[in-house]
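This report describes a protein model in terms of its chain contacts, sheets and helices. Please examine the sequence and coordinates below before reading on.

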Amino acid sequence: MADVLRFRNDDPIEEPAVTLDAFVDQEDASAVRIEAGEDPRRLIPVLDRVKLVELGIPRFRDGRCFTAARILREAGYEGEIRAEGDVLVDLIFFMRRCGIDSFAPQSPLNRADVDACLSRYEHVYQHAADGAVPIWKLRHG
Amino acid sequence: MYKYDQYDQAMVDARVEDFRDQVRRRIAGDMNDDQFKPLRLKNGLYLQLHAYMLRVAIPYGTLNSRQLRKLAEIARKYDRGYGHFTTRQNLQYHWIKLEDAPDILAELATVEMHAIQTSGESIRNISADQYAGAAADEICDPRPWAELLRQATSFHPEFSYLPRKFKICVISSPADRAALRWHDCALRIVRNEAGEEGFEVYAGGGMGRTPFIAYKIRDFCPAAQIFSYIQAILRVWNLHARRDNIHKQRMKILVHDLGEEEFRRQVEEAFQHFLTLDTDFPQAEYDRIAAYFTPPPFETGLPDDIDRSDPDFALWVDQQVIAHKTPGYAIANISLKPIGGIGGDATAEQMEVVADLAERYSFDDVRVTHAQNLVLPHVRKQDLYAVWQALHEAGLADANLDLVTDVIACPGLDYCTLANARSIPVAQKIQRRFAEMERQLDLGELKIKISGCINACGHHHAGHIGILGVDRKGTENYQLLLGGSGAEDTTQAKITGPGFDEDGVVDAVERAIERYRELRDPGERFIDTYRRVGLDAFKEAIYG
Ligand code: SF4
């Protein structure tokens, strides 16, 4: 777990993530891995037993994980969403905004770069899953 | 015109630092070029044949004189003294050094400009009708919506790593001057029976190797909900698009694969969901933005006639000047298509001349058209002669709007790494062949569009006459297409038959045009004759 970067205060889930197919049938499982291209909406009916969702990022430009994370957050999921794979530092800001809150990158991230990327944009133009207040709201109070 | 507040300014300033840091990490070797490439593309920086190319966003094709002067200054300081206006109303510099790019962005930020999302797999700069706010036929100015959507789609966290690029266009008139239905997402502002404003939405258009004309996905989306609707479209595409073949990842392919009905069904479902998330911008924000686009203080009681005693000026007026919605004013088009020049190019000096004219005669307002020309949208008719004289002196007074020499050509093999063939020299040869003014006027509206490869940046699918450069056993070869349109009567051009070499295709264009002259009814445009008689009648003439 040493190389997982977490933005959560609870204890990490140690249970290995099973495939989405297996998870749906395996009633005692609580950690699931969704590969890019799998439909995250399949988890919604069993969301109450999910504690960890691992999103596979095969190539960093594969942006499906952003939608997958938001769909889960919009469905009310509050457990951990971990991005695993080709996670580049420049993605983390957007990933955080979409509700991804832990990172298991293939190649280690420089923490200073991560912090710089996360703090660079003080405001955002639109709503997402992170509760940031959009600029239009700041303008109109 | 829209003005940044402290939030908008902070955003572009942060982007400059962001990019500066990315360039630093690349130069330091912390990133390989594979990783750097998508990042630089998000900021409009391409690696071309000879140098980097930087594409600067011109949101909805609107500039003020300060911005245009800055573009001129950058051209002089960091490039070779000119810039190139593109078919998406942006500006490109073709001779940029990587290490200068962050400084250029910093300079742009001082005049409220940027290069955010001008390339790469992102939501691109939003295009609009170049006559917005001036056209007699618009129901409202589409730019407040374009600006609202610019903000809503800038750094959108869910849609910043899309399957491919995504282009939005907004117009608000029945006439289409912006190639609306060739966009991924095309919006036309309309009013419903109750008089409420909303959008007619088209989806799935695009040129490239597999051209599709966008289909109407919704007759009416209430204006206040348009961002939800666009997000719904994007989400369906982002979830389902292929990721295994770059050539099959545009949204048009998904629309085609799923079928229009099924795509619409899924979008509607996602739309209903987005409406519950409260992501749409409120009326107060629209009103705040719209206040920047209130009409300039037009004078009343101005003379509405034009002194046409100078025949060269009269010719220019007939070709370049369009009716304005306000009496006494006119829309003046500035040609960037001099015979034998490079279409869309403007020197720093020319940009400054146009900036001066805009400031003096057009309420500080300049537009860029998708046909790569410029516009002074609000000129008093009594000032047209002075404007024309200044343009004439700057080599900008060609009178060829929408005529045979107003050719759109992509950069082609002279600049572009993807090209099969050169585009610019073909455009120049066609211009020279038809340079004689009388001949141009006799032929009337005739849109020729040339692309140097199948990616179709020169819009050949939408040309009344299209030319496509292909590679034939290692030599440059050109296919001829007929019957395309990027106007309200959108059609896709068809290939006539075997290709030609560079001179051969110019001859073939001439044969097609001569056939049109034989077949046309009085007053009939090329495209209308083609539609009436069909391709075969032209094929005969072209191939004998
Ligand atoms: S059409 Fe092809 S050759 Fe022309 S600019 Fe686009 S990619 Fe380059």
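Which residue takes a positive phi in the hairpin of β4(B) and β5(B)? The residue is B:Gln89, with phi near 65°, in a hairpin that has five residues between the strands. The model that contains this hairpin is predicted.

## The sheet around the hairpin

The two hairpin strands belong to an open sheet of five strands in chain B, ordered β1-β2-β5-β4-β13 and paired in the antiparallel sense. At its edges are β1 (45–47) and β13 (345–347) of chain B, each of which pairs on one side only. From one strand to the next, the twist averages 30°.

Strand β4 of chain B, residues 82–85, is joined to β13(B) by three bridges, and the two strands run antiparallel. Within β13(B), B:Asp345 is the residue that B:His84 stands opposite. Between β4(B) and β5(B) there are two bridges, again with the strands antiparallel, and here B:Phe85 stands opposite B:Leu91 of β5(B). Helix α3 of chain B (residues 65–78) lies across β2 (52–56), β4 and β5 (91–96) of that chain, and runs at about 15° to β5(B).

## A mixed sheet in chain B

Another open sheet of five strands in chain B follows the order β6-β7-β8-β9-β10, with mixed pairing. Its edges are formed by β6 (127–128) and β10 (215–222) of chain B; each has a single partner strand, so one side of each is left without a neighbour in the sheet.

Inside this order, β8 (residues 185–191) and β9 (residues 197–203) of chain B pair antiparallel over seven bridges. B:Val190 stands opposite B:Gly198, a residue of β9(B). Helix α8 of chain B, residues 260–275, packs on the sheet and touches β9 and β10 of chain B. The direction of α8(B) makes about 25° with that of β10(B).

## Extent and composition of the interface

Contact between the chains involves 35 residues of chain A and 48 residues of chain B. Together the chains bury about 3800 Å², of which 58% is on carbon and sulfur atoms. A:Tyr121, A:Tyr125 and A:Arg139 supply 19% of the area that chain A buries against chain B, more than any other three residues.

There are 21 residue pairs in polar contact between chain A and chain B, counting pairs with both residues at pLDDT 80 or more. On the side of chain A that touches chain B, at least two residues come from each of α2 (64–74), α3 (92–97), α4 (111–119) and α5 (135–140) of chain A. The helix that gives the most is α2(A), with six residues. By residue class, this side of chain A divides into 17 nonpolar, six polar and twelve charged residues.

## Salt bridges

Over all chains, a search of the whole structure finds 82 salt bridges. How many salt bridges are counted between chain A and chain B? The count is nine.

One salt bridge links A:Arg139 with B:Glu285, and the closest N and O atoms are 2.7 Å apart. This pair joins two chains, because A:Arg139 lies in helix α5 of chain A and B:Glu285 in helix α9 (residues 283–290) of chain B. A:Arg139 is also one of the three residues named above for their share of the area that chain A buries against chain B. A further salt bridge is formed by the side chains of A:Arg120 and B:Asp21, at 3.4 Å from N to O.

Definitions and conventions
Residues numbered from 1 in each chain as written. Chains lettered and ligands numbered in written order. Predicted model: local features only at pLDDT ≥ 70, side-chain atom pairs only at ≥ 80, totals over all residues. Heavy atoms only, no water. Contact = heavy atoms within 4.5 Å. Buried area = accessible area lost by both parts, 1.4 Å probe. Salt bridge = Lys/Arg side-chain N within 4 Å of Asp/Glu carboxyl O. Polar contact = N/O pair within 3.5 Å; in protein donor to acceptor, adjacent residues only side chain to side chain. Helix = DSSP H or I, 4+ residues; strand = E, 2+ residues; numbered from the N terminus. Nonpolar A, V, L, I, M, F, W, Y, C, P; charged D, E, K, R; others polar. Pairing = 2+ DSSP bridges. Axes fitted to C-alpha atoms, helices over the stretch in contact; angles between N-to-C directions.
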